[in-house]
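Here is a short report on one sheet and the charged pairs around it. Look at the structure first, then read on.

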Amino acid sequence: SSLDKLKNFIQQTHSAKAHFTQSVFSKSARPGQESSGTMQFMRPGKFRWTYEKPYEQLIVGDGVKLWVYDAELNQVTVRKLDQAIGSSPAALLAGNNEIEKFFTLKDVGLKEGLEWLEATPKGNESTFESVRMGFGPAGLQVMELHDNFGQITLIRFSAIERNPKAVADLFKFVPPKGADVIGE
Amino acid sequence: CATVPEVALSPPAIQSSIEASARINAFQLNGRVGVKYDEKGFFGNVRWQHDVQNDEILILSPLGQGVAQISQNSAGVTLITADQQTYHAQDAETLTEEVLGWRLPLKGLRDWVLGRKAAGEATITLDQSGRVSRLVQDGWQIDYLNYQLSDGALLPQKLTMQRGNLEMKLIVDHWDANQSGF
């Protein structure tokens, strides 16, 4: 079942690298917003989510802090990662076996040839409603995020590389000179 | 990052595209907003739906997840945070000041975002092709750094706003604007 797929995804995929496409829909707005980029993570708590199109944004979890940077706004926000693990789907991806500490996991069956798992954050101050993870032959291939405002984000991974050679400082973030850094 | 081609238009074409943006009374924009006051603030992606009766501004994380929603209609303004706390007030200015610690000038912003002055006194500076380059109103200084053409209307692509120690930057990645009378 998808629960076993998640368990061995966590055990066998210590780190991963993939290209992703993201589309964001909502009930009221016209067709969603498309974006794409590359994603990398290393358990626990380290990830680098680089948006290349339509504009440059970056989310980095360095194990201690969560950094978010927008190049054109030249602004960085930073906050502690442990608060974020329950609130950021990106942190869920790089979570280790304590995922069950923060999320209730439920197998929701087969769809589009993938085995789907639904993760619902425990505790009430989470900032999103649920995350669905679709597992296929290449491991985690699709993530579907449902927030508390009726927004749905669909992320498809491709060119998935499992346990790639580690790159030094990949999960470190140093704010560029002149950027406004906000937060603790 | 995505560079926006400089808008090359002859003066009469600019004139008509400025008039087109003057007729807009409903729009939806997708973009990014950054707010900074002293060492605090935030930034996020933004989706703003506006028509004559109401506004809905949704602040989103890069992953497209809602972080906060401000909606205004004739009954007043409601702010809902990501963890579903709800706050009400008569107008957005007092609501955001009380809850977020900075003042969102929504009343003026509805016009400023379109590159035009709101009702009341304002000082306007035009660039050599007749586009608004700076607007000073209600104690705010708004600088228009770039424009884009959307369905024949000349609309801002990047603007900064300043009032005292509060700075806002707004980048509009996509306009959907309908002009009255069509």
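The text below covers the sheet of chain A, then its salt bridges. The model is predicted.

**The sheet**

Twelve strands of chain A build an open sheet with mixed pairing. Their order is β7-β8-β9-β10-β11-β1-β2-β3-β4-β5-β6-β12. At the edges sit β7 (103-111) and β12 (180-183) of chain A, each paired on one side only. On average, neighbouring strands of this sheet are turned by 20° against each other, direction ignored.

Strands β8 (residues 114-121) and β9 (residues 128-136) of chain A pair in the antiparallel sense, over five bridges. A:Ala119 in this region faces A:Val131 of β9(A). Helix α1 (residues 2-12) of chain A lies across β2 (33-42), β7, β8, β9 and β10 (139-147) of chain A. Helix α1 runs at about 80° to β8(A).

**Salt bridges**

The count over all chains is 16 salt bridges. Three of them are listed here.

| Acidic residue | Basic residue | N to O distance |
|---|---|---|
| A:Glu118 | A:Lys106 | 3.9 Å |
| A:Glu144 | A:Lys111 | 3.9 Å |
| A:Asp180 | B:Lys169 | 3.9 Å |

A:Glu118 counts as buried because its relative accessibility is 13%, under the 20% cut-off. A:Lys106, at 48%, counts as partly exposed.

A:Glu144 is buried at 12% relative accessible area. A:Lys111 is partly exposed at 39%.

A:Asp180 lies in strand β12 of chain A and B:Lys169 in strand β11 (residues 166-179) of chain B, so this pair joins two chains. A:Asp180 is buried, at 18% relative accessibility.

A network of salt bridges links A:Asp70, A:Glu72, B:Arg32 and B:Asp173.

How values were computed:
Residues numbered from 1 in each chain as written. Chains lettered and ligands numbered in written order. Predicted model: local features only at pLDDT ≥ 70, side-chain atom pairs only at ≥ 80, totals over all residues. Heavy atoms only, no water. Pairing = 2+ DSSP bridges. Helix = DSSP H or I, 4+ residues; strand = E, 2+ residues; numbered from the N terminus. Axes fitted to C-alpha atoms, helices over the stretch in contact; angles between N-to-C directions. Contact = heavy atoms within 4.5 Å. Salt bridge = Lys/Arg side-chain N within 4 Å of Asp/Glu carboxyl O. Buried < 20%, exposed > 50% of the residue type's maximum accessible area, 1.4 Å probe, protein only.
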